[in-house]
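Hello,

Here is the structure we talked about handing over. Have a look through it first, and then read on for what turned up.

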Amino acid sequence: MSGEIASPASAFAGFQPAGWTECPICEYSLKGLPAVHACPECGFRYDTNTRIWIAEPRKKQPSDARVVIFIPLTVIGFLAVRWAGPILGVILYLILLLLVGAIIKLDDRRRSAHPWSPPLIGIGVEVIFHRCSKGKVRIWPLQDIKDVRQLISSDGDVLCLELKDDRSRMLKNSFRSSKAMQAFVDTAKARLAGFQGGHESSNRD
Ligand SMILES: [Zn+2]
């Protein structure tokens with residue numbers, strides 16, 4: 001079925017164009033797995049042609065920004081020592097550090113309880129899939145899709161999936177930009193043409 005076999009050396013390097021490294025269906029980390037494989041958690045099949053577009057830019061890891069908080073804390077420490085004397089100042093400063101540490105710890109717990117999952121859309125081995133911000137995933141097999149189109153509208157572009165049973169699916173707010181949607185449409189059209197032209201066996205490279 002799959003026309004492509006991974007060379008032993010090729011390791012998964014993230015889905016292009018965003019470099020996404022998690023399973024788009026279940027968010028399992030795919031780091032360290034082969035470049036052509038299936039998600040160990042949900043079975044989602046991917047290859048080196050699998051593409052994923054993220055609707056929102058990935059938020060910065062909190063740990064990077066948190067270092068900044070220690071700059072004002074150090075200033076406060078100095079002021080506390082000057083104002084309350086060395087012993088009381090240091091005690092006040094340590095209490096403040098403990099408080100800040102507790103807040104960071106609580107924040108970590110909240111984040112891990114509600115991991116941030118961005119809306120995304122992508123093209124897999126034989127499917128087009130879409131995950132909304134609430135985590136709901138929809139999957140359309142390529143063999144059921146007739147065409148993919150970008151509809152320009154005044155309140156944001158809409159992606160239209162035309163299905164072979166003459167129904168269609170409209171997806172709004174699924175791309176960061178009109179250009180990203182255009183890239184998706186171009187890729188999807190090429191994949192559909194290749195798929196219809198010989199069920200993946202026409203992989204020339
Ligand atoms: Zn998965």
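**What was found**

A good place to begin is a pair of neighbouring strands: E5 (residues 120-123) and E6 (residues 127-131) run antiparallel and are joined over 4 bridges. Within that pair, Ile-121 sits opposite His-130 of E6. Please keep in mind throughout that this is a predicted model.

**The five-stranded sheet**

E5 and E6 belong to an open sheet of 5 strands, ordered E1-E4-E5-E6-E7, in which the pairing is mixed. The edges are taken by E1 (16-17) and E7 (137-141); each has a single partner strand, so one side of each has no neighbour in the sheet.

**The three-stranded sheet**

There is also an open sheet of 3 strands, in the order E8-E9-E10, and here the pairing is antiparallel. Its edge strands are E8 and E10, each with a single partner, so one side of each is left without a neighbour in the sheet. From one strand to the next, the twist averages 15°.

If you zoom in on E9 and E10 (residues 168-172), you will find 5 bridges joining the two antiparallel strands. Cys-160 has Met-170 in E10 as its bridge partner, and Val-158 stands opposite Lys-172, also in E10. The hairpin formed by E9 and E10 has 4 residues between the strands, and Asp-166 in this hairpin takes a positive phi near 70°.

**Helix H4**

Which strands does H4 touch in the sheet of E8, E9 and E10? H4 packs on that sheet by touching E8 and E9, and its direction makes about 160° with that of E8. On the other sheet, H4 lies across E4 (51-54), E5 and E6, and runs at about 25° to E5.

The helix has 19 residues and reaches 27 Å from its first C-alpha to its last, close to the 27 Å expected at 1.5 Å a residue. Four names are worth picking out on H4: Met-181, Phe-184, Ala-188 and Arg-191 are its buried residues. Seen down the helix axis, they fall within an arc of 95°, so they line one face of H4. This fits a general pattern: an α-helix has 3.6 residues a turn, so residues three or four places apart point the same way.

What covers those buried residues? The cover includes E4, E5 and E6, together with E8 (145-151) and E9 (158-163). On the face turned away from the buried side, H4 carries the exposed residues Ser-178, Lys-179, Asp-186, Ala-190 and Ala-193.

**A closer look at Met-181**

Met-181 lies in H4, which covers residues 178-196. Why does Met-181 count as buried? It has 23 other C-beta atoms within 10 Å, where 20 or more are needed. Setting aside neighbours within four places in sequence, Met-181 is in contact with Gln-150, Asp-157, Leu-159 and Phe-175. Try locating Ala-55 as well: it is 126 residues from Met-181 along the chain, yet their C-alpha atoms are separated by 9.9 Å.

**Helix H2**

Last comes H2 (residues 70-84), which is hardly covered: among its 15 residues, the count of buried ones is 1. At 1.5 Å a residue H2 should span 21 Å, and its end C-alpha atoms are 20 Å apart, which agrees. Just after H2, Gly-85 takes a positive phi of about 85°.

Happy exploring, and best wishes!

Note on methods
Residues numbered from 1 in each chain as written. Predicted model: local features only at pLDDT ≥ 70, side-chain atom pairs only at ≥ 80, totals over all residues. Buried ≥ 20, exposed ≤ 12 C-beta atoms within 10 Å, placed from the backbone. Contact = placed C-beta atoms within 7 Å. Pairing = 2+ DSSP bridges. Axes fitted to C-alpha atoms, helices over the stretch in contact; angles between N-to-C directions. Expected span 1.5 Å × (residues − 1). Arc of directions from axis to C-beta.
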